[in-house]
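Work through the exercises below with the sequence and the model in view. Try each task before reading its solution.

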Amino acid sequence: MGAAAERAEEENEEWAGVTPDAARRLVGAAVEAFAERGYHATTTRDIAGRAGMSPAALYIHYKTKEELLYRISGIGHEKALRIMGAAAEAGGSATERLRDAVRTFARWHAEHHTTARVIQYELQALSPEHYTEITGLRRKTDRLLRQIIQDGADSGEFRADDVPGTTLAVLSLCVDVARWFTADGPRTPDEVGTLYADLVLRMVGAPDRG
């Protein structure tokens, strides 16, 4: 399977919960347009054209451009919350849970770098109501990661005097993957996830696996 086909398959999987098909195509087109041109420079005509539809057809499914961004942001942030929740609730030591959390979180930001770039860097374009809802999801993700790091600090596995600050640093490191990652770059998403997990464990002073 070629890179383009793999990307299309990943995108179909990412938006599988969006129905009907026309609404799903519009979401995919909006992600590409927002990532390429920025939210404010993108018009509904741009999005409809990328989806192979008329501008009038877009309004059947989404009343505004902002509603599309909200839909994209909600799906992306809910996925991030599930990733962090699975790691937080898994058995094992804090070191094992932190490794899994960072590896999967960073890998997702690489695999879905276009979507991640939009949901992370176009947040301020949301309406006040939608912004409040999405930032609530972000705070839940933050709390889950913070608890893993706190558990490690309490058990003596980690040297983290400033747990909130360490949590912010780890999240920022993972989120930034979306800014620089490209599918034709020197590392795969799996390699990025493994690298970042190792970096973070060294950062918090976790014991070596050996």
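**Exercise 1: Salt bridges**

The structure, a predicted model, holds 10 salt bridges. Take Asp 21 and Arg 25: state how far apart their closest N and O atoms are, and where the two residues sit in the chain.

Solution.
- Step 1. Start with the general idea: side chains of opposite charge can pair when their charged atoms come close.
- Step 2. Compare the distance with the cut-off. A salt bridge requires the nitrogen and the oxygen to be within 4 Å. For Asp 21 and Arg 25 the closest N and O atoms are 3.6 Å apart, and the pair forms a salt bridge.
- Step 3. Place the pair. Both residues belong to helix H2 and are 4 residues apart, so about one helical turn separates Asp 21 from Arg 25.

**Exercise 2: Two domains and their interface**

Find the bounds of domain 1 and domain 2, then describe the interface of domain 1 and domain 2.

Solution.
- Step 1. The domain assignment gives residues 13-62 to domain 1 and residues 66-210 to domain 2.
- Step 2. Taken over C-alpha atoms, the centres of domain 1 and domain 2 are separated by 27 Å. Domain 1 brings 17 residues to the contact and domain 2 brings 15 residues.
- Step 3. About 1400 Å² is buried between the domains, and carbon and sulfur atoms give 73% of this area. Of the area that domain 1 buries against domain 2, 42% is supplied by Glu 14, Tyr 39 and Tyr 62, more than by any other three residues.
- Step 4. Count the polar links. Between domain 1 and domain 2 there are 0 salt bridges, while 2 residue pairs are in polar contact across the interface.
- Step 5. Name the elements on the domain 1 side. Helix H2 (21-37) and helix H4 (55-61) each give two or more residues to it. H2 has the largest share, 6 residues.
- Step 6. Sort the residues of that side by type: 12 are nonpolar, 4 polar and 1 charged.

**Exercise 3: Annotated spans**

Which residues does UniProt give for "domain: HTH tetR-type" and for "DNA-binding region", and what is the helix content of each span?

Solution.
- Step 1. An unreviewed UniProt entry places "domain: HTH tetR-type" at residues 20-80. This span is 77% helix and 0% strand, with its end C-alpha atoms 24 Å apart.
- Step 2. The unreviewed entry places "DNA-binding region" at residues 43-62. Here the chain is 70% helix and 0% strand, and the end C-alpha atoms lie 13 Å apart.

Key
Residues are numbered from 1 along each chain as its sequence is written. This is a predicted model: local features need pLDDT of at least 70, side-chain atom pairs count only at pLDDT 80 or more; totals for chains, interfaces and linings use all residues. Side-chain values use heavy atoms; hydrogens and water are left out. Domain bounds come from an automatic or database domain assignment. Contact means heavy atoms within 4.5 Å. Buried area is the accessible area (1.4 Å probe) that two parts lose on being put together, summed over both. A salt bridge is a side-chain nitrogen of Lys or Arg within 4 Å of a carboxyl oxygen of Asp or Glu. A polar contact is a pair of N or O atoms within 3.5 Å; within protein, one must be able to donate a hydrogen and the other to accept it, and residues adjacent in sequence count only if both atoms are side-chain atoms. Ala, Val, Leu, Ile, Met, Phe, Trp, Tyr, Cys and Pro count as nonpolar, Asp, Glu, Lys and Arg as charged, and the others, Gly among them, as polar. UniProt positions are given in the numbering used here, feature names are shortened, and annotations may be inferred rather than shown by experiment.
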